[in-house]
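Biologist: I'd like to learn how to read helix packing in a model. Can you walk me through a case?

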Amino acid sequence: MPRPLSPLWLACPSDLSKRVKTCIETAQADTSASVYVFFRADDVAVPGKNLDRLMDLFATKRVPLSLSVVPAWLTRPRWQQIRSLGRTAPLLWCWHQHGWRHKNHATTGKKQEFGPGRPSFIIKEDLIRGQQRLENLMGKEFDPIFTPPWNRCGHTTLELLKKLGYHAVSRNTGSRPSSPEGLPDFQVNVDLHTRKAVNPLEDWKCFFTELRQALSSGLCGIMIHHQQVAPYAGSGQMTRDRKFSICSGRPAAPSGKFLRNYERPLISIIFSSRH
Ligand SMILES: [Zn+2]
């Protein structure tokens, strides 16, 4: 069952594009280094209008999108349909693994599928099962990167990811425990659609603080949940496009040691004050 829309999106400011632009300009003024921006869309596996429009938007803007796919939800017909959505721009997509079945196994505290509460061999089984399913369906299009459901996982999972040859993990900003040496963690630090604050005016202030801080930090990871986007109708389409107006920022050529081959698809836009 999709969760309800975040109250934030029920009260969009009329000057949203301008405020996003100001955030970008502030971040550019704050730092002399490049600012890396990537977009990660979660809970992918079931084709539908929202996923169709999301991919169409990124394809139109020629901006890469990292899609975290729940292995147990994906079937061959679903994959064929989703893949066909992105056929006009196949190099933009980074298809990777989002847990195994997005099931909470934590008996206390926050939800986790790959938390510390289960034995190592069961965690390993679920990781391998998910990886094999995606490899089997996607072939070479699968990227061995792991986004744990709810952005959380335990130390055992992180060590297993490294041992099993995953290239990277992607969690929330400030996640603990730290990922081991050799397993980069591309942390998201801007949440578009799973915000729980009930006061939209206050939450817009928080959102812009979050975005400004993320951009100023040099690595801005924007988390998308396409299932929790308002239906497209009338002004809804405008709102949707404006939500992603950050896509119209000025991209620069990728450079520097940060970008190794497997990291490239994750990086959507690089802002640089040197340009
Ligand atoms: Zn998820």
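Modeller: Sure, and keep in mind that this model is predicted. Let's begin with who touches whom: Arg 19, Cys 23, Ile 24, Thr 26, Ala 27 and Asp 30 of H1 meet Phe 208, Leu 211, Arg 212, Leu 215 and Ser 216 of H6. Sorted by class, the H1 contact with H6 holds six nonpolar, two polar and three charged residues.

Biologist: How do the axes of helix H1 and helix H6 cross?

Modeller: The general idea is that a packed pair is described by the angle between the two axes and the distance between them. Here, H1 (residues 16-30) and H6 (residues 200-217) have axes that come within 8 Å and cross at roughly 30°. The crossing of H1 and H6 is right-handed.

Biologist: And why are H4 and H5 called oblique to each other?

Modeller: Helix H4 (residues 120-138) and helix H5 (residues 155-163) pack at about 50°, with axes 10 Å apart. Angles from 35 to 65 degrees fall outside the parallel and perpendicular ranges, so H4 and H5 count as oblique. Their crossing is right-handed. Ser 120, Ile 123, Lys 124 and Leu 127 of H4 make the contact with Thr 156, Thr 157 and Leu 160 of H5. By class, that's three nonpolar, three polar and one charged.

Biologist: Which residues have the most contacts inside the largest nonpolar core?

Modeller: Leu 67, Val 69, Val 190, Leu 215 and Ile 222, in a core of 52 residues. Strand E1 (residues 34-44) supplies the largest share, seven residues. Take Val 69: beyond its neighbours within four places in sequence, its contacts include Val 44, Leu 74, Trp 95 and Leu 134.

Note on methods:
Residues numbered from 1 in each chain as written. Predicted model: local features only at pLDDT ≥ 70, side-chain atom pairs only at ≥ 80, totals over all residues. Core = buried A, V, L, I, M, F, W, Y, C linked by C-beta atoms within 7 Å. Buried ≥ 20, exposed ≤ 12 C-beta atoms within 10 Å, placed from the backbone. Helix = DSSP H or I, 4+ residues; strand = E, 2+ residues; numbered from the N terminus. Contact = placed C-beta atoms within 7 Å. Axes fitted to C-alpha atoms, helices over the stretch in contact; angles between N-to-C directions. Left-handed = near helix turned anticlockwise from the far one by under 90°. Nonpolar A, V, L, I, M, F, W, Y, C, P; charged D, E, K, R; others polar. Parallel < 35°, antiparallel > 145°, perpendicular 65-115°, else oblique.
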